[in-house]
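Me: Pick one stretch of this chain and walk me through it closely, then follow the neighbouring pieces as far as they help. Keep it informal, but give me the cut-offs.

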Amino acid sequence: MRTTMSLPQVNVIIPTIGKDRMIVDLLQQIYELDDDIVRQVIVLDNGMDQDTLGLCRYFSYARIVDARGKSIYQMWNMGVKEVLTTHPGDYLVILNDDIILETDAFFTKLVEPLDMYADIWATCGNYNKELNPYSEDDIAKDVTGTFKDNGFAGFCFAVKAEAFLNRLPLFEEKYFWWYGDDDFVHEVHKLNKRTTLSLQAIMTHINNGSQSIEQYTPSFNELVAKDREVYMRKWHGVS
């Protein structure tokens, strides 16, 4: 738990292809939140058109990094390395661009479990309206699994910066899609740390393809099936 009155410092990482200009809407949301703990926003550009890129540049607080041709987990790692080698702060937040932040002081509420408990290393936004907090003191719910199991959500989450400096590996780049999230949750739990859902940080996932699957061949299902094989072999010994 934080022992001083200083505010936590958060670095936000957003991978995007600029589809339907959702990244512009998200940057506007972050601007309007005016959450004092946000230190910097890094936009990882995986192929935005020039019009969308130009609109993003209106937001002077956002730094745009060329990430064309990178996979989702390669981009996450690009963002993490960028932050850790410049201004690590206290927490890293990774967002899809197809989300709506529905809570005032969203980032403060998102990282609150990390700030309160030393053994929580990663926490995600509350995308499940059935899990609304009962009181202001109700801040976290332990979760295993990932979004597809109503668990930890890779489209909006925060990680302690010190975790990556203290044995937590970077994201596994062998994966194409969801199973990289499962892999990350396992890595955290292997170190006897917790993953939670931040009940006060309410958000909606539009699920409109912030990293479009349309650009990939072979088919999406085939790539996910290969991911599952890698995941099952690594964590469950299934060949």
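Reply: Let's start at Arg167, which sits in the loop between helix H5 (161-164) and helix H6 (179-190). Helices here are DSSP runs of H or I with at least four residues, strands are E runs of at least two, and both are numbered from the N terminus. This is a predicted model, where local features need pLDDT of at least 70 and side-chain atom pairs count only at pLDDT 80 or more, while totals for chains, interfaces and linings use all residues. Residues are numbered from 1 along each chain as its sequence is written, and side-chain values use heavy atoms, with hydrogens and water left out.

Back to Arg167: its phi is positive, about 85°, although it is not a glycine. Arg167 is also exposed, at 61% relative accessible area (exposed is over 50%, buried under 20%, partly exposed in between, with a 1.4 Å probe and protein chains only).

Follow that loop on and you reach H6, with 12 residues and 16 Å from its first C-alpha to its last, close to the 16 Å expected at 1.5 Å a residue (the expected span is 1.5 Å times one less than the number of residues). Nine of those 12 residues are buried, so H6 is largely enclosed by the rest of the structure. Among the buried ones are Tyr179, Phe184, Val185 and Val188, but also Asp181, Asp182, Asp183 and Glu187. The cover over the buried residues includes helix H3 (72-84), strand S6 (120-126), strand S8 (156-160), S9 and helix H7 (220-236), with contact meaning heavy atoms within 4.5 Å. Just after H6, Asn192 takes a positive phi of about 60°.

S9 is worth a stop of its own. Gln200 lies in this strand, which spans residues 194-205, and Gln200 is buried at 14% relative accessible area. Its side chain reaches the backbone oxygen of Asp138 at 3.1 Å.

For another positive phi, look at Ala105: near 50°, and again in a residue other than glycine. Ala105 lies in the loop between strand S5 (99-101) and helix H4 (106-116). Unlike exposed Arg167, Ala105 is partly exposed, at 29%.

What about the cysteines? The whole structure has zero disulfides (pairs of cysteine sulfur atoms within 2.5 Å). For Cys56, the nearest cysteine sulfur is that of Cys156, 18 Å away. The sulfur of Cys124 is 7.4 Å from its closest partner, also in Cys156, too far for a bond. Cys56 is buried at 1%, and Cys124 is buried too, at 0%.

Key. Polar contact = N/O pair within 3.5 Å; in protein donor to acceptor, adjacent residues only side chain to side chain.
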